[in-house]
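Work through the exercises below with the sequence and the structure side by side. Try each task before you read its solution.

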Amino acid sequence: MAQKEGGTEQGQVKTGDLGAKATIAGAPTAGGGVVVEVREKKGPLRAAIPTMPFPVAVICLFLNTFIPGLGTFISAFTVLCGARSELISERGVCCVFWLNVAAALIQILTAVIMVGWIMSIFWGMDMVILAISDGYRDQGFPQDV
């Protein structure tokens, strides 16, 4: 993000498919708009959601919709099978696995009062969104070559 220090503006240089143009975040552009960069801060449970292949993410969403917490519980095991997560570099695979198991237990235990069921559906939707955004849409499980 752009900041003013001592009268000069400093920021991150953004380059995209605008040709040879480069823009500074927070600086006005040619059309009069401002380039803004937004990053979502996630808690440890949300950051532990693994990025899985698209078909697996859809299956987990389906399971979470009808049996709250089951898709989240299965997604915990995908971490042990090599699925990536934002939190693995900080906390390690084992901790991310247990965080996903904890999220599944929270969903199961609070499903009686509908909170866990709704949380479970949103969790499954996040899994699918992560799979799509990471380009796993057309891939299945890794195949031996």
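**Exercise 1. Two helices in contact**

Which residues in helix 2 meet which residues in helix 6? Find them, and then describe how the two helices are oriented.

Solution. Keep in mind throughout that this is a predicted model. Begin with the side of helix 2, where the residues in the contact are Phe-54, Ala-57, Val-58, Cys-60, Leu-61, Asn-64 and Thr-65. On the side of helix 6 they meet Trp-117, Ser-120, Ile-121, Trp-123, Gly-124, Met-125, Met-127, Val-128, Ala-131 and Ile-132. Sorted by class, the residues of this contact are 13 nonpolar and four polar, with no charged residue among them.

Next, consider the direction of the helices. The axis of helix 2, which covers residues 54-66, comes within 8 Å of the axis of helix 6, and the two cross at roughly 170 degrees. Since an angle over 145 degrees counts as roughly antiparallel, helix 2 and helix 6 are therefore roughly antiparallel to each other.

Finally, look at Pro-55, which is also found in helix 2. Its C-alpha atom lies 8.8 Å from that of Ala-131, although 76 residues separate Pro-55 and Ala-131 in sequence. Pro-55 has a relative accessibility of 37%, so it counts as partly exposed.

**Exercise 2. A polar residue in helix 6**

Is Ser-120 buried or exposed? Decide, and then find its partners.

Solution. First, locate Ser-120 in helix 6. Its relative accessible area is 0%, and because buried means under 20%, Ser-120 is buried. Then look for residues that touch Ser-120 while leaving aside its neighbours within four places in sequence: these are Asn-64, Pro-68, Gly-69 and Gln-107. With one of these, Asn-64, the side chain of Ser-120 makes a polar contact of 3.1 Å.

**Exercise 3. A cluster of rings**

Which residues do ring pairs link into a cluster? Follow the pairs from ring to ring.

Solution. The cluster is made up of Phe-73, Phe-77, Phe-97 and Trp-98. Take Phe-73 and Phe-77 to begin with: both lie in helix 3, residues 70-80, and they are four residues apart, which is about one turn of the helix. Phe-73 is partly exposed at a relative accessible area of 35%, and Phe-77 likewise counts as partly exposed, at 37%.

The next step leads to another helix. The ring centres of Phe-77 and Phe-97 are 5.1 Å apart and their planes stand at 70 degrees, so this pair is edge-to-face. As Phe-77 lies in helix 3 and Phe-97 in helix 5, the pair ties together parts that are 20 residues apart in sequence. Phe-97, with a relative accessibility of 9%, counts as buried.

**Exercise 4. The helices that carry the ring pair**

At what angle do helix 3 and helix 5 pack? Use the answer to name their relative orientation.

Solution. The angle is about 175 degrees, and the axes of helix 3 and helix 5 are 8 Å apart. That makes helix 3 roughly antiparallel to helix 5. By class, the residues in this contact are eleven nonpolar and four polar, and none is charged. From helix 3 they include Phe-73, Ala-76 and Phe-77, and from helix 5 they include Val-93, Phe-97 and Gln-107.

**Exercise 5. The loop before helix 6**

Where is the place of Ala-111? Examine this residue together with Met-114.

Solution. Ala-111 belongs to the loop between helix 5 (93-110) and helix 6 (115-133). When its neighbours within four places in sequence are left aside, Ala-111 is in contact with Pro-68, Gly-116 and Trp-117. The C-alpha atoms of Ala-111 and Gly-69 are separated by 8.5 Å, while the two residues are 42 apart along the chain.

Met-114 also has its place in the loop between helix 5 and helix 6. Its phi is near 75 degrees, which is a positive value in a residue other than glycine. With a relative accessible area of 42%, Met-114 is partly exposed.

**Exercise 6. The whole chain**

How many helices and strands does the protein have? Place them in order along the sequence.

Solution. There are six helices and four strands, and read along the sequence they follow the pattern β-β-β-β-α-α-α-α-α-α. Of the 145 residues, 31% count as buried. Among contacts between residues at least 6 apart in sequence, 60% join residues at least 24 apart.

Terms used:
Residues are numbered from 1 along each chain as its sequence is written. This is a predicted model: local features need pLDDT of at least 70, side-chain atom pairs count only at pLDDT 80 or more; totals for chains, interfaces and linings use all residues. Side-chain values use heavy atoms; hydrogens and water are left out. Contact means heavy atoms within 4.5 Å. Axes are lines fitted to C-alpha atoms, for helices over the stretch in contact, and angles run from 0 to 180 degrees between N-to-C directions. Angles under 35 degrees count as roughly parallel, over 145 as roughly antiparallel, 65 to 115 as roughly perpendicular and the rest as oblique. Ala, Val, Leu, Ile, Met, Phe, Trp, Tyr, Cys and Pro count as nonpolar, Asp, Glu, Lys and Arg as charged, and the others, Gly among them, as polar. Buried means under 20% relative accessible area, exposed over 50%, partly exposed in between (1.4 Å probe, protein chains only). A polar contact is a pair of N or O atoms within 3.5 Å; within protein, one must be able to donate a hydrogen and the other to accept it, and residues adjacent in sequence count only if both atoms are side-chain atoms. Rings of Phe, Tyr and Trp (its six-membered ring) pair if their centres lie within 6.5 Å; planes under 30 degrees apart count as stacked, over 60 as edge-to-face and the rest as tilted.
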